[in-house]
Amino acid sequence: MRASRLVSLLCLLQVRGSMTGPELARELEVSERTVARDVLALAEAGVPVYAERGRAGGYRLLGGYRSKLTGLHQAEAEALFLSGVPTAAAEMGLGEAVAAAQRKASAALPAPFRDASERVGQRFHLDAPRWFRSAETPAVLPELSRAVWSDLRIAASYARDDRVVRRELEPHGLVLKAGVWYVIARRDQRFLSYRVDRFRTVEVGDEPFERDADFDLGAFWEEKSEEFARSLLRETVEIRISPAGLRKLHVAADPAGAQAAEAAAGEPGPDGWVSTRLPVESLDVAYDQLLALGPEVEVLAPARLRRRFATAAHRLTELYSGEGHLRAGELPGGAVDQR
């Protein structure tokens, strides 16, 4: 642990030129006294590091000194490819490995390019979770991540419907989708996806499994995601929709359903409206989705959904034209807006 910290300290000084004791302590997450001891250890090992006192002081390396101690460990090399998603790396327990890998990579770069990490960080940030969602990191994620990286079997208890089941799995990969973690694992020669937040316990075994060399995590997830999206659309609604409503349909409805509706649309009528069929998860979901389009869509079938919209339209008419409510163009006190 200390050897890795000494290398990190050396890399920081090579990249930044000069750093104070408090700055190094914050970066390395140790005390200033530990920083002073580490600097002394580097000096005793022959590294030309020295301290300058005063307002502009700090720890520095002798001008032109370059260390060869920038080799990446396996975990750091793997973690370097996660540096664009620091939150995800930290949740998997790889935050320090990413930081160490970035420091070593920066130290190995020519001087003009050593600020690359800072420049990228200032210009790009990935925020994976959806809006208005408070995502919590599953407690088992770090252990599950260790099993994935090391190709180790796990014995896990998993909440399924109203019961908890026991599963022996060979985890091949992790996926972060809209703030929710999934593990893709092989069980009985089949690849399945499991929500990590439904795992109650995870016990990582000691012996590795033989990884499927033909398994493609990205391709598997894309295929299963499309299958899942299609499987949800069990009902079909016939609608007439205006050009404005058709443009908004991709926002109001499920993307797969909206795409199917657009593809199935007939020729526009004189008013520009088109008739089409919209795949939906359920009639209740269809009601909520299409209600957001207001007067830009008319439900044709099924009849019970059309009646539901007719009832909603009647209620809205009563709400906006009833006693005690201002009519269109009417101002408080009975005056009328003539503009």
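User: Why are the side chains of arginine 277 and glutamate 238 said to meet in a salt bridge?

Analyst: Their N to O distance is 3.1 Å. A salt bridge is a side-chain nitrogen of Lys or Arg within 4 Å of a carboxyl oxygen of Asp or Glu, so 3.1 Å qualifies. Arginine 277 sits in strand S10 and glutamate 238 in strand S9 (residues 235–241), so the pair ties together parts 39 residues apart in sequence. Strands here are DSSP runs of E with at least two residues, helices are runs of H or I with at least four, and both are numbered from the N terminus.

User: What should I know about the model itself?

Analyst: It is a predicted model, in which local features need pLDDT of at least 70 and side-chain atom pairs count only at pLDDT 80 or more, while totals for chains, interfaces and linings use all residues. Residues are numbered from 1 along each chain as its sequence is written, and side-chain values use heavy atoms, with hydrogens and water left out.

User: Are arginine 277 and glutamate 238 buried, partly exposed or exposed, and how do you know?

Analyst: Buried means under 20% relative accessible area, exposed means over 50%, and partly exposed is in between (1.4 Å probe, protein chains only). Arginine 277 has 45% and glutamate 238 has 32%, so both fall in between and count as partly exposed.

User: What makes glutamate 298 and arginine 240 a salt bridge too?

Analyst: The N to O distance for that pair is 2.9 Å, and this passes the cut-off, so the name fits. Glutamate 298 belongs to strand S11 (residues 297–301) and arginine 240 to strand S9, so parts 58 residues apart in sequence are tied together. Glutamate 298, at 26%, is partly exposed, and arginine 240 is partly exposed at 24%. Both residues also belong to a network of salt bridges with Asp271 and Arg306.

User: How many salt bridges does the structure hold, and how do you know that arginine 166 forms one with glutamate 203?

Analyst: The structure holds 14. For arginine 166 and glutamate 203, the closest N and O atoms are 3.3 Å apart, so this pair meets the definition as well. Arginine 166 lies in strand S5 (residues 163–177) and glutamate 203 in strand S8 (residues 199–208), so the link spans 37 residues of sequence. With 43%, arginine 166 counts as partly exposed, and so does glutamate 203 with 44%.

User: Which residues of helix H11 are buried, and how do you know that they share a side?

Analyst: In H11 (residues 255–264), the buried ones are Gly257, Ala258 and Ala261. They cover an arc of only 100° around the axis, which puts them on the same side of H11. That arc is taken from the directions from the helix axis to the C-beta atoms. Pro255, Gln259 and Ala263 are exposed on the other side. Helix H10 (243–252) and strand S10 (274–280) are among what covers the buried residues.

User: And for the whole protein, what share of the residues counts as buried?

Analyst: Of its 339 residues, 35% count as buried. The protein has 13 helices and 11 strands.

Methods: Contact means heavy atoms within 4.5 Å.
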